[in-house]
Every structure is written in structure tokens, then in C-alpha cells.
Amino acid sequence: MSSLQCWQQLFGQSLSPLTPVHHPALQKHHLSLSIKRDDLLHPSISGNKWRKLKYVLRQAVSDRATGLLSFGGAWSNHLHALAAAGHALGLPTIGMVRGEPEYATNPTLSDARAWGMTLEFVDRQTYRRRHDSDFLADIARRHPGFYLIPEGGSCPLALPGMAELWQTLPPCDELLVPVASGGTLAGLLSARPAGTRITGYAVLKGKEWLSGTICDLFAPAATDNGWQLRLEHHGGGYAKCSATDRQAIAGLSSTLGVPLEPVYSGKAMLGLFRDIEAGFYPPGSRLVFVHTGGLQGARAQISAKRSGQAK
Ligand SMILES: *Cc1c(COP(=O)(O)O)cnc(C)c1O
């Protein structure tokens, strides 16, 4: 099979269920909530990473790239997804990992290695240069023919794949989504129907720069007032989660009947329910929460250790 045929097989069909859920807080505030189960899009390529990589990888294939290279942390859903996709496309992959080589045996990176990904571990200082043009030029020289993909897969070609999510949604008033690097929200914004607002729940301490990043990816975001960021629900920072919040997330997961992990989907869902309880969303609103996946990362549930190692 040619790589283009492999690409079509991998990305040709996107089916993920939309599940209505129940919770006393929804009833109390006269809201309806459904969950777009993108965590079920693909067995090994996590929800939003599947959508974000779709057209990036088509470009790589049509450019006849000899391999794929990208960046991430030791529990990166993106590197995990890229390794699986590279394996399916028959393309070698290289992951530049922030951290020590001892992480190579964690579940995320073990999977990635099993799919053939070569790992290059770099210290924080080096990792910080991942967007510098001279640093990237040096990587390109060392790995000729490789297609370089930014951290999290967030780049302009990530947008059209995310935008396709709307094609499978019924009309709703509010679309809720977790936000880290902003590519997911930018892509959704690029095809936002007039009647739907998008609210992004930042899972890291984003503050001002986060909306700037989204506007860098999708310039019309700057003048679109149909979206907003919730910046106060980061729970202490990226991949940090208190014991209390963990318990609250587990409670939500069991009430809603949907698996949640504490880094993205659970943290955003907890933020959403705190907002609901505070009366943030007008009564009568039809809410849809995008479950972006990430459950593979939750396999290493050694919480204290993990929050110390992340970022
Ligand atoms: C990467 C990721 C996100 C964040 O997406 P961005 O495009 O970086 O904002 C959200 N949820 C999950 C599960 C992820 O893996």
C-alpha cells in the first residue's frame, strides 16, 4: 500500500458518539449537556491529536517526507499519537522529549518505542528552544527529509482537521473544550457556526499569552467575540492536580458515566461544573463538551511523582 493509501485508511472516517449526560447541577440550572466522545475516535491515536495530525500528515506524505519529528513531554499524548500514526503510515518517527532517559520505560514512551519511535532526550534549557529557527534548522540538517511538527501538533495545518468536528454536531449554544497550546480551540473557531459560542478551559496557567497564541494560529480570532477562555481553573498549573480535585474528577466521571483523566478532560470538566454551579451559563443553554481523549496518559497515575516531573 502507498503512504497515501495508508493515510486514507487511517484518517478516512471520523466517527465518535455524542452522548447526553445527566447530573443534578444540570437540572438545577436548566442546562443540557452532551459529550462529544472524541476519546473514542481511534483506539491508539488520542482524540484531538487524531484531528490535528490529519492534514499535517497528509502534507508530510504528499511532500514525500522520509520521517516525522516532533516535541513533547514524557507523557505527551501528541508524541504517543505521532508514533502510532507514523507506524501506520510506514514512516519513521523521532520524538524529542523534555526530560531524562529514565522516562523511556513509562507507559507512554514504551508504546511510542514499540511503534518504532526514536527518542531523543533533551534538558529543559534545550527544549525551550523548540520554536527557534536556528535550532530547528540544525535539527533539519541532522535529519534530512524529516517533516518537523511543532509541540502538540499545533500549526496552521492542524486547523482544518479540528474544524471537521462541527460536521458531526447538532446545533448547540456552547461548545466547551480543554485548552493547552490552543490549536484545538483555534481549529474549532475557524469553522464556528454563528449561533454557537466556544469556551476554552485552560489547563495551564495561560493568562494573556494564551489568547495571543490562539490569534497567532487563527488571526480572525482577534476580532471574533464568540469565544472566551476560562483561565482560573488550571488547578495550580499544567498536570498539577490536588487530591481534592482528583476526587471531584473521579466523582464527576462516575456520575456522568464517562472516563476522565486529571490533566485535560477531567480538569476542564471540573472547571465547567464549577462554572455551572456558579450560574455562569444562562438557563436553557445546550452545552456540548468535547472529550479530547488523553486517557493513555492517565495510565501513569502516580500523582505526586507525576506532577513533580511534568513541565
Ligand atoms: C493536547 C491535548 C489537549 C490540548 O489541545 P491544544 O490544541 O494543545 O490546546 C487537550 N486534551 C487532550 C487530551 C490533549 O492530549
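**A tour from strand β8 to helix α3**

Begin by selecting Leu176 and Thr199, which stand opposite each other, Thr199 being the residue that belongs to β8. The model on the screen is a predicted one. Extending the selection to residues 174–179 shows strand β7, and extending it to residues 197–202 shows strand β8; these two strands run parallel and are joined by 6 bridges.

Now widen the view to the sheet that holds this pair. It is an open sheet of 6 strands, and following the order β1-β2-β10-β7-β8-β9 across it reveals a pairing that is mixed. Select residues 18–21 for β1 and residues 227–230 for β9 to see the edges: each of these strands has a single partner, so one side of each is left without a neighbour in the sheet. If you look along the sheet, neighbouring strands are turned against each other by 25° on average, with direction ignored. Helix α10, found by selecting residues 207–217, packs on this sheet and touches β7, β8 and β9, while its direction makes about 145° with that of β9.

The next stop is another sheet. Here 4 strands, in the order β5-β4-β3-β6, form an open sheet whose pairing is parallel. Its edge strands are β5, at residues 118–122, and β6, at residues 146–148, and each of them pairs on one side only. From one strand to the next, the twist averages 25°. Within this sheet, select residues 67–72 for β3 and residues 93–98 for β4, which pair in the parallel sense over 5 bridges; Gly72 can be picked out opposite Val97 in β4. Then add residues 133–142, which make up helix α7: this helix lies across β3, β4, β5 and β6, and runs at about 145° to β3.

Leave the sheets and select residues 243–256, helix α11, in which Asp245 lies. Is Asp245 buried or exposed? Its relative accessible area is 13%, which is under the 20% cut-off, and Asp245 therefore counts as buried. Show side chains here, and the side chain of Asp245 is seen to make a polar contact with that of Arg274, at 3.0 Å. Apart from neighbours within four places in sequence, the residues in contact with Asp245 are Gly235, Leu270 and Arg274.

For the last part of the tour, turn to helix α1 at residues 3–11, together with helix α4 at residues 77–89; the two pack at an angle of about 130°, and their axes are 8 Å apart. At that angle α1 and α4 are therefore oblique to each other. To display the contact, select Ser3, Cys6, Trp7 and Leu10 on α1, and Ala85, Ala88 and Leu89 on α4. Coloured by class, the residues of this contact of α1 with α4 divide into 6 nonpolar and 1 polar, with no charged residue.

Keep α1 selected and bring in helix α3, residues 47–62, which packs with α1 at an angle of about 170°, the axes being 10 Å apart. How are α1 and α3 oriented to each other, roughly parallel or roughly antiparallel? They are roughly antiparallel. On α1 the contact is made by Ser3, Leu4, Trp7, Leu10 and Phe11, and on α3 by Trp50, Leu53, Lys54, Tyr55, Leu57, Arg58 and Val61. Colouring by class once more, the contact of α1 with α3 has 9 nonpolar, 1 polar and 2 charged residues.

How values were computed: Residues are numbered from 1 along each chain as its sequence is written. This is a predicted model: local features need pLDDT of at least 70, side-chain atom pairs count only at pLDDT 80 or more; totals for chains, interfaces and linings use all residues. Side-chain values use heavy atoms; hydrogens and water are left out. Two strands pair if DSSP finds at least two bridges between them. Axes are lines fitted to C-alpha atoms, for helices over the stretch in contact, and angles run from 0 to 180 degrees between N-to-C directions. Contact means heavy atoms within 4.5 Å. Buried means under 20% relative accessible area, exposed over 50%, partly exposed in between (1.4 Å probe, protein chains only). A polar contact is a pair of N or O atoms within 3.5 Å; within protein, one must be able to donate a hydrogen and the other to accept it, and residues adjacent in sequence count only if both atoms are side-chain atoms. Angles under 35 degrees count as roughly parallel, over 145 as roughly antiparallel, 65 to 115 as roughly perpendicular and the rest as oblique. Ala, Val, Leu, Ile, Met, Phe, Trp, Tyr, Cys and Pro count as nonpolar, Asp, Glu, Lys and Arg as charged, and the others, Gly among them, as polar.
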